[in-house]
Amino acid sequence: MTRSGRVGRWAGALNDSLVLLGLQLTFEVKKIYQQMKGFGGAITDAAAINILSLSAGSQENLLRSYFSEEGIEYNIIRVPMASCDFSTRVYTYDDHPGDLDLQYFSLTEEDTKMKIPIIKVAKALSKRPVSLFASPWTAPPWMKMSNSTIGKGTLKGQPGGVYYKSWAKYFIRFLDEYAKHNLTFWALTAQNEPTTGMLTDYSFQCMGFTAEMQRDFIVLDLGPALRNSSHKDVQLMILDDQRLLLPYWAKVVLSDVHVAEYVHGIARPALDTCHGNTQYNWEVGNEVPCTAMTSFSKFVPEGSQRVGLDPNAATELESVAFLRPDGCAVINILNWSQKDIDFAIWDPEHGFIKAHSPAESIQSYLWKWQ
């Protein structure tokens, strides 16, 4: 593989008698970390507009490249609740001032003619279950102190009040309407980037929450609304903002013992052969940085367990290891440096892999572990 954008793939056998000097990464299955849900992207209005601008065949080819078995197998799709900064116009699902009961709540053409059809095609192309999660950028302006979708603005009143209750109901109506199109959600976040709505001149759709406000909104309004609806299994995530807000935000929100009844996680933006007498084999895929997501979305399916990977010396390589539900081991190696690096992977159960990481590359090593 060169750094010109091509992807390479190699295979070989693990060696149980290899003796190497130099950098060695030890695969440690007894060190258990988090379990992976998956990897994916957002179907925004902008994404939908661009996808739908293609011919029918090109649309399918594009979605196949992201969601199918011959593609990179994304299994998570984020769906904005109404407009966001990737929209061509500003809109919400209820732009009728004073409609606290949401009698005029309605999805828009951006949902029914753009996002929903694309999501359905993506799910049909995938052999893996595709999980959806939703996030709101702003409430209708008439619900907000600022009477605007942009800039500094919070909901009117206080958590537990009529506007917070109506906003919680807005979430339920969104889930209801998508369910009518046979699309159900795995999770949602309480607010996209809540700190941006505390900035006076913020230039696109936003809404402000402090950690205390989000805590009280969840325990008094959103949590009970979800629990008392047909969507009680939808998982709720807090924060959905920058990493520097942790652990402060989590400590504040989760300080209320009742909030823990409703909260399932913390979100933040990011953008073979069988065991026996046969030989253990490994495979390595070598990719350029622009396709780095493949090393995770393709090779680390839902349910994979992150495990230990211990270097015997300081190294410029960045690495992570997983044990997959199908019994395969996966190690991803990222080399940001300008030089090639030789190393070895040591699996105490099965032997060594003699490895070479080209400069500015990412690689995925896979072998049957169980």
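**Sheet, rings and a buried threonine**

In this predicted model, six strands form an open sheet, paired in parallel and running in the order 3-4-5-6-7-8.

Trainee: Which strands stand at the edges of the sheet?

Mentor: An edge strand has a single partner strand, so one side of it is left without a neighbour in the sheet. Across the sheet, the twist from one strand to the next averages 25 degrees. The strands at the edges are strand 3 (40–42) and strand 8 (263–267).

Trainee: Which residue stands opposite threonine 189 in strand 7?

Mentor: Strand 6, residues 187–189, pairs with strand 7, residues 235–239, in the parallel sense and over three bridges. Opposite threonine 189, in strand 7, stands methionine 237.

Trainee: Is threonine 154 buried or exposed?

Mentor: Threonine 154 is placed in the loop between strand 5 (131–136) and helix 4 (162–179). Leaving aside residues up to four places away in sequence, threonine 154 touches several residues, among them Met143, Met198 and Met213. Because buried means under 20% relative accessible area, the 18% relative accessibility of threonine 154 makes this residue count as buried.

Trainee: What kind of aromatic pair do phenylalanine 171 and phenylalanine 217 form?

Mentor: The structure holds 22 aromatic pairs, and this one links distant parts of the chain, with phenylalanine 171 in helix 4 and phenylalanine 217 in helix 5 (residues 211–227), 46 residues apart. Both of these phenylalanines are buried, and both belong to one aromatic cluster that also includes Trp167 and Phe174. With 6.3 Å centre to centre and 50 degrees between the planes, the pair is tilted.

How values were computed: Residues are numbered from 1 along each chain as its sequence is written. This is a predicted model: local features need pLDDT of at least 70, side-chain atom pairs count only at pLDDT 80 or more; totals for chains, interfaces and linings use all residues. Side-chain values use heavy atoms; hydrogens and water are left out. Helices (H or I, at least four residues) and strands (E, at least two) are DSSP runs, numbered from the N terminus. Buried means under 20% relative accessible area, exposed over 50%, partly exposed in between (1.4 Å probe, protein chains only). Contact means heavy atoms within 4.5 Å. Rings of Phe, Tyr and Trp (its six-membered ring) pair if their centres lie within 6.5 Å; planes under 30 degrees apart count as stacked, over 60 as edge-to-face and the rest as tilted. Two strands pair if DSSP finds at least two bridges between them. Axes are lines fitted to C-alpha atoms, for helices over the stretch in contact, and angles run from 0 to 180 degrees between N-to-C directions.
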